[in-house]
Amino acid sequence: MSELIVSCKNIQKIYGKGKTEVCALRGVDLQIFENELFMIAGPSGSGKTTLISIISTLLSPTGGECTVLGNDISKMDDSQKDEFRLNNIGFVFQAFNLLPPLSAQENVAVPLLIQKRKRETSLEKSRSILKEVYMERFHALPSELSGGEKQRVAIARALINEPKLIICDEPTSNFDSKTGKKVIEILKDLAKREKSCVIVVTHDNRIFEYADRIAYLEDGVVKRVER
């Protein structure tokens, strides 16, 4: 049986108070397992970003319980959350968030260098991970890379700590159909091969066919989950 990676029970999130109160999540229940490419879809304002921010420990829920890798994140303080993210969660951002002065391999090695790992060992592992995502322009700067190459570097950086959970925010929205599908194929392959869980937030219905399951959010609730 696959390991349970994320468990959300009646998750609620309210921003503001009184007249300015906004209820972003109204009781979300989800279970997400290893080996899954799990997509979260829905219109703007449906609560997708809030939900993944809670799952990734960047936000605390107003109510309900969110357990990630067996840890109740509501019981963690800020420093514990920072350490948990660094060691257990990989992020792939829509805007890539690569550091311009650093080469591809240096960008990928950043999480290891933050942990004060040896530089050469970190770069060696970085090169190995880049090869896994079919990217071998190790010494190229971000300004010298195409959008697809930048995304592969971003994916490699998310994988460098061998996380059990990878969270991707609109990873294909800036690409043509062919490039977007290649990116999602890499993510799906990694989820299966590394026994990790990949959560993808997306509006891109071109890639829905690659999902193991899709949760559709609307007005802060899960309307349905489809296989």
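Select Pro101 first. Leaving aside residues up to four places away in sequence, Pro101 touches Glu106 and Leu141. Keep in mind that this is a predicted model.

**Stop 1: Pro101**

Stay on Pro101 and look at the backbone around it. Pro101 sits in the loop between strand 6 (89–92) and helix 3. Is Pro101 buried or exposed? Pro101 is exposed, at 65% relative accessible area. Now add Pro142 to the selection. Pro101 and Pro142 lie 41 residues apart in sequence, yet their C-alpha atoms are 8.0 Å apart in space.

**Stop 2: helix 3**

Move along the chain to residues 104–114, which form helix 3. Colour this helix by accessibility. Eight of its eleven residues are buried, so helix 3 is largely enclosed by the rest of the structure. Which residues of helix 3 are buried? They are Ala104, Gln105, Glu106, Asn107, Val108, Ala109, Pro111 and Leu112. Glu106 is thus on the buried list of helix 3, and Glu106 is also one of the residues that Pro101 touches.

Next, show what lies over these side chains. The cover on the buried residues of helix 3 includes helix 2 (78–88), helix 4 (119–132) and helix 5.

Then step past the end of the helix to Lys116. Lys116 follows helix 3 and has a positive phi, near 65 degrees. Most residues other than glycine have a negative phi.

**Stop 3: helix 3 against helix 5**

Add residues 147–159, helix 5. Two packed helices are described by the angle between their axes and the distance between the axes. The axes of helix 3 and helix 5 come within 7 Å, and they cross at roughly 30 degrees. With that angle under 35 degrees, helix 3 runs roughly parallel to helix 5. Their crossing is right-handed.

Show side chains at the contact. From helix 3, pick Ala104, Asn107, Val108 and Pro111. Facing them in helix 5 are Val153, Ala156 and Arg157. The contact of helix 3 with helix 5 comprises five nonpolar residues, one polar and one charged. All four of the helix 3 residues here, Ala104, Asn107, Val108 and Pro111, are also on the buried list of that helix.

**Stop 4: helix 5 against helix 6**

Keep helix 5 and add helix 6, residues 177–193. How do the axes of helix 5 and helix 6 cross? They come within 10 Å and cross at roughly 15 degrees. That makes helix 5 roughly parallel to helix 6. Helix 5 passes helix 6 in a right-handed crossing.

For the contact, select Gly148, Gln151, Arg152, Ile155 and Leu159 in helix 5. They meet Thr179, Lys182, Val183, Ile186, Leu187 and Leu190 in helix 6. By class, the contact of helix 5 with helix 6 has six nonpolar, three polar and two charged residues.

**Stop 5: salt bridges**

Now hide the helices and show charged side chains. How many salt bridges does the structure hold? There are twelve.

- Select Arg127 and Glu120. They form a salt bridge, with the closest N and O atoms 3.2 Å apart. Arg127 is partly exposed at 23% relative accessibility, and Glu120 is partly exposed at 49%.
- Select Arg206 and Asp204. Their salt bridge has its closest N and O atoms 2.8 Å apart. Arg206 counts as partly exposed at 30% relative accessibility, whereas Asp204 counts as buried at 9%.
- Select Glu226 and Arg224. Their side chains meet in a salt bridge at 2.7 Å, N to O. Glu226 is partly exposed at 32% relative accessibility, and Arg224 is partly exposed at 42%.

Then select Glu3, Glu34 and Lys164. Salt bridges with shared partners join these three residues into one network.

**Stop 6: two loops with positive phi**

Finish on the backbone. Asn35 lies in the loop between strand 2 (22–33) and strand 3 (37–41). Asn35 is not a glycine, yet its phi is positive, about 70 degrees. At 21% relative accessibility, Asn35 counts as partly exposed.

Last, go to Asp219. Where is Asp219 found? Asp219 is in the loop between strand 9 (213–218) and strand 10 (221–226). Its phi is also positive, near 55 degrees, in a residue other than glycine.

Conventions: Residues numbered from 1 in each chain as written. Predicted model: local features only at pLDDT ≥ 70, side-chain atom pairs only at ≥ 80, totals over all residues. Heavy atoms only, no water. Axes fitted to C-alpha atoms, helices over the stretch in contact; angles between N-to-C directions. Parallel < 35°, antiparallel > 145°, perpendicular 65-115°, else oblique. Left-handed = near helix turned anticlockwise from the far one by under 90°. Contact = heavy atoms within 4.5 Å. Nonpolar A, V, L, I, M, F, W, Y, C, P; charged D, E, K, R; others polar. Salt bridge = Lys/Arg side-chain N within 4 Å of Asp/Glu carboxyl O. Buried < 20%, exposed > 50% of the residue type's maximum accessible area, 1.4 Å probe, protein only.
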